[in-house]
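Reader: I've got a model open and I'd like to learn how to read it. Can you walk me through a few features?

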Amino acid sequence: MTDPIADYLTRLRNAIKANHRVVEIPASNLKKEITRILFEQGYILNYKFVENGTPAGAIKIALKYDNADRVNAIAGLKRVSRPGLRQYTGYKDMPRVLNGLGIAILSTSKGVMTNKKAAEEKIGGEVLCYVY
C-alpha cells in the first residue's frame, strides 16, 4: 500500500456511508494520532487500540451519529497531501476549512495537530487531511 492515510480515510468514509457503528482499521503511530485528534474535536464517539496479532495492532473507532436523524458528525474527509504531491504550509498561510467550521490535520515538527493549534504555536507543516 502506497498511502496508508488515504486508506484510513477511505475506511472511515465507507463505514459512514454504510451506517456502521464501529470500524476497525490497521494501526500505526500516525493513524493513532489522527484518531486522537478526531476524538478530541468531537468527530468520533470513542476509540480503542487493540492487539490482533499484527505488530502494530488495530484501531476500533466508534462513529458518532445524531440520535434524531442518524446523520454522522463527519460530513466529509479529504486527503490533501499525497505521496506524489506533498502540501506544506507555514503558520501565516494556515488553511481554513469550511470558513473555520472544519479542521485541517497537520504533521509538524512538534507532532500531529490541528490547524488552529499549529497557528497558536506559530509552526507550519504538512497538511495531511481536511475534516468537516
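Author: Sure. Keep in mind that this is a predicted model. Let's begin with a backbone detail: Gly42, just after α2, takes a positive phi of about 85°.

Reader: And α2 itself, which residues of that helix are buried?

Author: The general idea first: an α-helix has 3.6 residues a turn, so residues three or four places apart point the same way. In α2, the buried residues are Lys31, Ile34, Thr35, Ile37 and Leu38. Looking down the axis of α2, you'd find them within an arc of 160°, so they line one face of the helix. Exposed Asn29 and Glu40 sit on the face turned away from that buried side.

Reader: How far apart are the end C-alpha atoms of α2?

Author: They're 17 Å apart, which agrees with the 16 Å that 12 residues should span at 1.5 Å a residue.

Reader: Okay, now the sheet. What is the order of its strands?

Author: Strands of a sheet pair through backbone hydrogen bonds, either parallel or antiparallel. Here three strands form an open sheet in the order β1-β3-β2, with antiparallel pairing. β1 (22-26) and β2 (44-50) each have a single partner strand, so one side of each is left without a neighbour in the sheet. From one strand to the next, the twist averages 20°.

Reader: How many bridges pair β2 and β3?

Author: Six, in the antiparallel sense, with β3 covering residues 58-63. For instance, Phe49 has Ile59 of β3 as its bridge partner.

Reader: Where do the helices lie relative to the strands?

Author: Helix α1 (residues 4-17) lies across β1 and β3, at about 165° to β1. Helix α2 (residues 29-40) lies across β1, β2 and β3, running at about 155° to β2.

Technical notes: Residues are numbered from 1 along each chain as its sequence is written. This is a predicted model: local features need pLDDT of at least 70, side-chain atom pairs count only at pLDDT 80 or more; totals for chains, interfaces and linings use all residues. Side-chain values use heavy atoms; hydrogens and water are left out. Two strands pair if DSSP finds at least two bridges between them. Helices (H or I, at least four residues) and strands (E, at least two) are DSSP runs, numbered from the N terminus. Axes are lines fitted to C-alpha atoms, for helices over the stretch in contact, and angles run from 0 to 180 degrees between N-to-C directions. Contact means heavy atoms within 4.5 Å. The expected span of a helix is 1.5 Å times one less than its number of residues. Buried means under 20% relative accessible area, exposed over 50%, partly exposed in between (1.4 Å probe, protein chains only). The arc is that of the directions from the helix axis to the C-beta atoms.
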